[in-house]
Amino acid sequence: MTAAVDHKIAEEDRLRADLYNYLGLMLANPADQMLLEQTAGLSGDDSELGKGIMTLAKMARITKPKTVESEFNKLFIGLGRGELLPYASYYLTGFLNEKPLATLRQDMTARGLARADTVFEPEDNIASLMEMMGALIVGRFGPPASLSDQKTFFNRHIAPWASLFFSDLEAAKNSVFYASVGTVGRAFMEIETEAFRLSAE
């Protein structure tokens, strides 16, 4: 068994990766009791993101897993389709499985990323993209991605549509618990967009 390489990751980057991974978890499946309890223990500050996290924690304290599951199904699954279609292809072209998905698959192959055999969703869904971004930051599938590589991936696959998706999630008619997830996601995407814009080319 080979020893894991210990990549030194700055604390700020580890926190960014944690938030990407958390959003990926929240959007991949309905939150279970354990995830709700962990969420209930989160704390924030006076920033828009911090306030969003505090509201989400408060919602997690009063929401039961069964309620979350019902809301998740109405939002993302539904009869035929949910209220929202959380895919880059749909947001950018109006159709599923379009060019944004093909471009993402090329980029995934180039980075040694592959869809798990147990996953049947197209890779351009919001949960997968959040997870991929988290993985790139901390180097879960190889060396941590440089800031410019993170920026390229973010600008190509996340920036063009994720903020709009999270805004739609905030406003969706079936969104109660997930409205808070939308607020956190939107605020985080705004911070990341601005940070990458200010970073050196």
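# Pockets, salt bridges and a nonpolar core

Let's start with a pocket. The second largest pocket takes at least two lining residues from each of helix 1, helix 3 (48-62) and helix 10 (177-198). A word of caution before going on: this is a predicted model.

How many residues line the second largest pocket? There are 15. Nearest the centre of this pocket lie E12, L15, R16, F188 and E192. Helix 1 gives the largest share of the lining, six residues. The volume is about 360 Å³. By class, the lining has nine nonpolar residues, five charged ones and one polar one.

Now the largest pocket. The space in it comes to about 830 Å³. Its lining counts 35 residues, and A28, V119, A127, S128 and E131 are the closest to the centre. Four elements give two or more residues to this lining: helix 1 (11-28), helix 2 (33-40), helix 4 (65-77) and helix 7 (126-138). Which of them gives the largest share? Helix 7 does, with six residues. Sorted by class, the lining has 23 nonpolar residues, six polar ones and six charged ones.

So much for empty space. Next, charges. Side chains of opposite charge can pair when their charged atoms come close. In this model the count is twelve salt bridges. I will show three of them.

The pair to look at now is E48 and R186. Their closest N and O atoms are 2.9 Å apart. E48 sits in helix 3 and R186 in helix 10, so this salt bridge links distant parts of the chain, 138 residues apart. Is R186 buried or exposed? R186 counts as buried, because its relative accessibility is 14%, and the cut-off for buried is under 20%. E48, at a relative accessible area of 42%, is partly exposed. This pair also has company. E48 and R186 belong to a network of salt bridges that takes in E170 and E190 as well.

On to D107 and R156. Their side chains meet in a salt bridge, 2.8 Å from N to O. Why does this pair tie together separate parts of the sequence? Because D107 lies in helix 6 (residues 99-110) and R156 lies in helix 8 (residues 147-158), 49 residues apart in sequence. The two partners fall in separate accessibility classes: D107 is buried, with a relative accessible area of 10%, and R156 is partly exposed at 43% relative accessibility.

The last of my three is E194 with R197. Here the distance from N to O is 2.7 Å. Both residues lie in helix 10. They are three residues apart, about one turn of the helix. E194 is partly exposed, with a relative accessible area of 34%. R197 is exposed, because its relative accessible area of 54% is over the 50% cut-off.

Now to the inside. In soluble globular proteins, nonpolar side chains tend to be buried together. Here the largest nonpolar core has 52 residues. Which residues have the most contacts inside it? They are F165, F166, L169 and F177. Take F165. Leaving aside residues up to four places away in sequence, F165 touches L27, F76, L84, P86, Y91 and I126.

Turn next to L56, in helix 3. L56 is buried, with a relative accessible area of 1%. What does L56 touch? Setting aside residues up to four places away in sequence, the contacts are Y22, T39, F177, S180, V181 and V184. S180 deserves a second look. L56 and S180 are 124 residues apart in sequence, yet their C-alpha atoms are 5.0 Å apart in space.

One last stop, at the backbone. Most residues other than glycine have a negative phi. Look at N97. Its phi is positive, near 55°. Where is N97? N97 is in the loop between helix 5 (88-93) and helix 6.

To recap. The largest pocket holds about 830 Å³ of space, and the second largest about 360 Å³. The salt bridges number twelve, and four residues, E48, E170, R186 and E190, are linked in a network. The largest nonpolar core has 52 residues.

How values were computed:
Residues numbered from 1 in each chain as written. Predicted model: local features only at pLDDT ≥ 70, side-chain atom pairs only at ≥ 80, totals over all residues. Heavy atoms only, no water. 1 Å grid on protein atoms, 1.4 Å probe; cavity = no way out; pocket = protein on both sides within 12 Å on 5 of 7 lines; lining within 4 Å. Points joined across faces, edges and corners; volume = space filled by probe spheres on them. Nonpolar A, V, L, I, M, F, W, Y, C, P; charged D, E, K, R; others polar. Buried < 20%, exposed > 50% of the residue type's maximum accessible area, 1.4 Å probe, protein only. Core = buried A, V, L, I, M, F, W, Y, C linked by side-chain atoms within 4.5 Å. Contact = heavy atoms within 4.5 Å.
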